[in-house]
Amino acid sequence: MSLQSDNNQTICDEHAFDNFFKGYAKSLRNHLYYKFGDLDQAEDIVQEAFIKVWDNCSKIPVGKAKSYLYTVAVNLGTSLMRHNQVKFKYKNYITRRKSDMTNESPEFLLLEKEYMEKIKRAIASLPDRQREVYLLSRIEKKTYREIAEMSNVSIKAIEKLMHKALIKMRKEIGNV
């Protein structure tokens, strides 16, 4: 990079900012993709992060610009993930409310509710890594290869985690 590390210098100059963008956009996008697992989301976050850097360029010394950029990007990604979790919970709530309005028998609805609670408890009881792999595979429909790339481990490691998760799930809810 042609940017100097002079802490009094800023990146408000368009040429300096352009060099900064070209130097870090791709590596930041990859970092966010690996961290959060969604390439389109990572690209959007990169754009937002660079906009925030540009908006605050006069306050950011060149030597701290990369750190500031990555911090802003990871914070944006984390906020987005939290927002998506809230949306997911709300979607589940709406789905439950709709199923409450169906013409199914009360007995069927009770059995279904009990079974869903069993599944939720079984998933919650999984160790963190197994739960993450299970949910990425079964809920987000990610392949083992995609999960392995996101987690920076081998496909075999993902297969083993998934195998252990499935064994534990079967013990908790029975072989369905």
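**Exercise 1. Burial and overall fold**

Determine what share of the 176 residues of the protein chain counts as buried, and state how many helices and strands the chain has.

*Solution.* Step 1: in this predicted model, 29% of the 176 residues of the protein chain count as buried. Step 2: the secondary structure comprises 7 helices and 0 strands. Step 3: read from the N terminus, the order of elements is therefore α-α-α-α-α-α-α.

**Exercise 2. Helix H1**

Establish where helix H1 is kinked, which of its residues are buried, and what follows the helix.

*Solution.* Step 1: helix H1 covers residues 14-36 and has a kink of about 40° centred on tyrosine 24. Step 2: the buried residues of H1 are Ala16, Phe17, Asn19, Phe20, Tyr24, Ala25, Leu28, Leu32, Tyr33 and Phe36. Tyrosine 24, the centre of the kink, is thus listed among the buried residues of H1. Step 3: after H1 comes glycine 37, with a positive phi near 80°.

**Exercise 3. Salt bridges within helices**

State how many salt bridges are counted. Then analyse the pairs formed by aspartate 18, arginine 131 and glutamate 159, giving the partner and the helix of each.

*Solution.* Step 1: the criterion is a side-chain nitrogen of Lys or Arg within 4 Å of a carboxyl oxygen of Asp or Glu. The count by this rule is 5 salt bridges.

Step 2: aspartate 18 pairs with lysine 22, their closest N and O atoms lying 3.1 Å apart. Both residues belong to helix H1 and are separated by 4 residues, about one turn of the helix. Aspartate 18 is partly exposed because its relative accessibility is 31%, whereas lysine 22 is exposed because its relative accessible area is 61%.

Step 3: arginine 131 pairs with aspartate 128, with 2.5 Å between the closest N and O atoms. Helix H5 contains both residues, 3 residues apart, again about one turn of the helix. Arginine 131, at 23% relative accessibility, counts as partly exposed; aspartate 128, at 56%, counts as exposed.

Step 4: glutamate 159 and lysine 156 form a salt bridge with an N to O distance of 3.5 Å. They lie 3 residues apart in helix H7 (residues 155-173), about one turn of the helix. Glutamate 159 is partly exposed at 31% relative accessibility, while lysine 156 is exposed, with a relative accessible area of 62%.

Step 5: the spacing can be interpreted in general terms. An α-helix has 3.6 residues a turn, so residues three or four places apart point the same way. Side chains of opposite charge can pair when their charged atoms come close.

**Exercise 4. Surface patches**

Identify the residues of the nonpolar patch and of the negative patch, and explain why leucine 135 and glutamate 48 count as partly exposed.

*Solution.* Step 1: the nonpolar surface patch consists of Phe88, Leu135 and Ile139, which together have about 260 Å² of accessible area. Step 2: leucine 135 lies in helix H5 (residues 128-138). Its relative accessible area is 31%, so leucine 135 is partly exposed; the class extends from 20% to 50%.

Step 3: Asp38, Asp40, Asp44, Glu48 and Glu140 make up a negative surface patch. Step 4: glutamate 48 belongs to helix H2 (residues 39-55). Because its relative accessibility is 41%, glutamate 48 likewise counts as partly exposed. Step 5: patch membership requires over 30% relative accessible area, and the values of 31% for leucine 135 and 41% for glutamate 48 satisfy this cut-off.

Note on methods: Residues numbered from 1 in each chain as written. Predicted model: local features only at pLDDT ≥ 70, side-chain atom pairs only at ≥ 80, totals over all residues. Heavy atoms only, no water. Patch = residues over 30% accessible without salt bridge, like charges linked within 9 Å, V, L, I, M, F, W, Y side chains within 5 Å. Areas by Shrake-Rupley, 256 points an atom, 1.4 Å probe, with all protein chains shown as cover. Helix = DSSP H or I, 4+ residues; strand = E, 2+ residues; numbered from the N terminus. Buried < 20%, exposed > 50% of the residue type's maximum accessible area, 1.4 Å probe, protein only. Lys, Arg positive; Asp, Glu negative; His and termini not counted. Charge placed at Lys NZ, Arg CZ, Asp CG, Glu CD. Bend = angle between axes of the 7 residues up to and from the residue.
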